[in-house]
Amino acid sequence: MKDELALREQFLSSTRVFDGQLIQVSVDTVQLPNGKTGRREVVRHPGAVAVLAINAENKVILVEQFRHAGGEILLEVPAGKLDISGEPPEQCAFRELAEETPYTAQQMTLLYTFYTAAGFCDELLYLYQAEGVQKNSQAQLDEDEFVRHVYLSKEEAHIALREGRIRDSKTIIALQYWLLSS
């Protein structure tokens, strides 16, 4: 416990400097372990889910989409933000899989919960593995989403990772789990 106190910062105050539809940005003042004060710029995010889904052909279901912030088309596991008030992460995972792909799942198993960029953002991501995956979704993409579906075998996923064609962190974590779990 004493060692933890040597690292912990104490929150003193916060000033919100941006209030958007998805994120808020604040500048926080903290007391450092040495007694001095410091500033922390923090992006506040509602959190998100990601889904590792494997179809009947033993291929991972991915979506390809343009990401404005990165300026490129990325290959990703289905994912989405926790933007419905009170919706549990597991339910969001079912919804996002059905909205972004032609698939639904009978069950979701939580694999990991992790921060996407803990140095400046509080976004917590819940990574689920879909089980009982079936090609029967009737859900529709959000009107601002445009995706293409991509299906990779384990060998193809391994090659894509090795060649750096997959650059999205949640997808790298999901695929590494899949490749190492067999």
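The questions and answers below go through the strands, helices and selected residues of this predicted model.

Q: What makes the sheet with the order 7-4-9-8 an open one, and which strands stand at its edges?
A: The four strands are arranged in the order 7-4-9-8, with mixed pairing. Strand 7 (79-81) and strand 8 (107-115) each have a single partner strand, so one side of each has no neighbour in the sheet. From one strand to the next, the twist averages 20°.

Q: Why is the pairing in the sheet 7-4-9-8 called mixed?
A: Strand 4 (residues 48-52) pairs with strand 9 (residues 124-131) in the parallel sense, whereas strand 4 and strand 7 run antiparallel.

Q: How do you know that strand 4 pairs with strand 9 and with strand 7?
A: Pairing requires at least two bridges between the strands. Strand 4 and strand 9 have five bridges, and strand 4 and strand 7 have three, so both meet the requirement. One of the residue pairs is V51 with Y128 in strand 9; another is A50 with A79 in strand 7.

Q: Why is strand 4 called largely enclosed?
A: Five of its five residues are buried, so the rest of the structure largely encloses strand 4. For each residue, buried means a relative accessible area under 20%. A48, A50 and L52 point one way from the strand, V49 and V51 point the other way, and all are buried.

Q: Which helices lie across strand 4, strand 7, strand 8 and strand 9?
A: Helix 2 (residues 89-100) lies across these strands and runs at about 125° to strand 7. Helix 4 also lies across them, running at about 125° to strand 8.

Q: What is the pairing in the three-stranded sheet, and which strands are its edge strands?
A: The sheet is open, has the order 1-2-3 and shows antiparallel pairing. Strand 1 (10-19) and strand 3 (37-44) are the edge strands, as each pairs on one side only. The twist averages 20° from one strand to the next.

Q: How do you know that strand 2 and strand 3 pair?
A: Strand 2 (residues 24-31) is joined to strand 3 by eight bridges, and the two run antiparallel. At least two bridges are needed, so the strands count as paired. In strand 3, G38 is the bridge partner of V30.

Q: How many aromatic pairs does a search of the whole structure find?
A: The search finds two.

Q: Why is the pair of Y103 and Y151 called edge-to-face?
A: The ring centres are 6.2 Å apart and the planes stand at 65°. A pair needs centres within 6.5 Å, and planes over 60 degrees apart count as edge-to-face. Both conditions are met, so the pair of Y103 and Y151 is edge-to-face.

Q: What makes this pair a tie between separate parts of the chain?
A: Y103 is in the loop between helix 2 and strand 8, while Y151 is in strand 10 (residues 148-152), so the pair ties together parts 48 residues apart in sequence.

Q: Are Y103 and Y151 buried or partly exposed, and why?
A: Y103 has a relative accessibility of 7% and so counts as buried, the cut-off being under 20%. Y151 has a relative accessible area of 27%, so Y151 is partly exposed.

Q: What makes the pair of Y112 and Y177 edge-to-face?
A: Their ring centres lie 5.9 Å apart with the planes at 85°, so this pair is edge-to-face. Y112 belongs to strand 8 and Y177 to helix 4, and the pair links these distant parts of the chain, 65 residues apart.

Q: Why are Y112 and Y177 called partly exposed?
A: Partly exposed covers the range between 20% and 50%. Y112 has a relative accessible area of 37% and is therefore partly exposed; Y177, with 27%, is also partly exposed.

Q: Where is S181, and why is it called partly exposed?
A: S181 lies in the segment after helix 4 (169-180). Its relative accessible area is 45%, so S181 is partly exposed.

Q: How do you know that the side chain of S181 makes a polar contact with W178?
A: The S181 side chain reaches the backbone oxygen of W178 at 3.1 Å. The limit for a polar contact is 3.5 Å, so this pair falls within it.

Q: What is notable about phi of N58, and where is N58 found?
A: Phi of N58 is near 60°, a positive value in a residue other than glycine. N58 is found in the loop between strand 4 and strand 5 (60-67). Its relative accessibility of 42% is why N58 counts as partly exposed.

Definitions and conventions. Residues numbered from 1 in each chain as written. Predicted model: local features only at pLDDT ≥ 70, side-chain atom pairs only at ≥ 80, totals over all residues. Heavy atoms only, no water. Buried < 20%, exposed > 50% of the residue type's maximum accessible area, 1.4 Å probe, protein only. Polar contact = N/O pair within 3.5 Å; in protein donor to acceptor, adjacent residues only side chain to side chain. Axes fitted to C-alpha atoms, helices over the stretch in contact; angles between N-to-C directions. Contact = heavy atoms within 4.5 Å. Phe/Tyr/Trp six-rings, centres within 6.5 Å; stacked < 30°, edge-to-face > 60°.
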